[in-house]
Amino acid sequence: MSLREATIDRERRDLVTHEVMDESRLIRFVAAPDGSVAPDLARKLPGRGLWVAADRASIETAVKKNLFSRAARAPMKPAVDLADMVENLLIRRCLDQLGLARREGVLISGFEKSLANVRSGKAAWIIEAADGSADGRGKLLSLAQHITPRPKVCGVFTADDLSLALGLENAIHAVLLEGGRADRWTIEVERLAGFRPLTPPQWGDEAAGMPNKVLDGRGSAP
């Protein structure tokens, strides 16, 4: 069972909007012993969960309006930079997932191999270094426009980020193949999309038409 399947029927109420939504769209927080607010991205820490939509604006609102204390009915001291903390944790989780995917053989790197796997229809995600060359990226994204279903695109990470996570030199192009690992990656990276765009603004029209669920970093399509 994939993580998405495991959480699809579990719904929680967002502290900010009071909307009930699937856990995969939320960040869980718990009260730490010192009264601070601890992000629990893996949903494993003990204590009552306090749930906030997975986007920067929602977490900043929860901090500003003291909504954690209200929900917990106890004094709580969330860090002013709580949204930054969550973003950094999500980045780490996404990169760790890519490292695991490579070790499992379901993440393919290199331009030619990436091109072949996109052409085969096996790619769930195209992962491009944000600072990679436009030429190779353009060829991959152009090919993907003609594949059904189209793979999603992530350009959040730099070549240095990807190289370190994958244990490679100069990692620029990669594809994540369909399957359980891709399902887990999708949950994490779509939560990250609430904090930063999945594709850099400077890419312009290159990513137009790709089926990314969230592109604007605020938790909704522009």
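**A three-stranded antiparallel sheet and its helix contacts**

Strands S3 and S5 run antiparallel and are joined by four bridges. The model described here is predicted. Within the S3–S5 pair, Ile 27 stands opposite Val 52 of S5. Strand S3 spans residues 26-31 and also pairs with S4, again in the antiparallel sense, over three bridges. Two residue pairs mark this second seam. Phe 29 stands opposite Pro 39 in S4. Ala 31 has Val 37 of S4 as its bridge partner.

S3 and S4 are linked as a hairpin, with five residues between them. The turn includes Gly 35, whose phi is positive, at about 90°.

Together the three strands make an open sheet in the order S4-S3-S5, with antiparallel pairing. S4 (37-39) and S5 (50-53) are the edge strands. Each has a single partner strand, so one side of each lacks a neighbour in the sheet. Neighbouring strands are turned against each other by 35° on average, direction ignored.

Two helices contact these strands. Helix H2, residues 56-64, packs on the sheet and touches S3 and S5. The direction of H2 makes about 135° with that of S5. Helix H4, residues 82-104, lies across S3 and S4. H4 runs at about 20° to S4. S3 is thus named in both sets of contacts, with H2 and with H4. In keeping with a mostly covered strand, five of the six residues of S3 are buried. In a regular strand, side chains alternate between the two faces of the sheet.

The cysteines were examined next. A search of the whole structure finds zero disulfides. For Cys 94, the closest cysteine sulfur is that of Cys 154, at 7.1 Å. A disulfide requires sulfur atoms within 2.5 Å. The separation of 7.1 Å is therefore too far for a bond. The relation holds from the other side: Cys 154 is in no disulfide, and the nearest cysteine sulfur to it is that of Cys 94. Both residues are enclosed. Cys 94 is buried, with a relative accessible area of 0%. Cys 154 is likewise buried, with a relative accessible area of 0%.

How values were computed:
Residues are numbered from 1 along each chain as its sequence is written. This is a predicted model: local features need pLDDT of at least 70, side-chain atom pairs count only at pLDDT 80 or more; totals for chains, interfaces and linings use all residues. Side-chain values use heavy atoms; hydrogens and water are left out. Two strands pair if DSSP finds at least two bridges between them. Axes are lines fitted to C-alpha atoms, for helices over the stretch in contact, and angles run from 0 to 180 degrees between N-to-C directions. Contact means heavy atoms within 4.5 Å. Buried means under 20% relative accessible area, exposed over 50%, partly exposed in between (1.4 Å probe, protein chains only).
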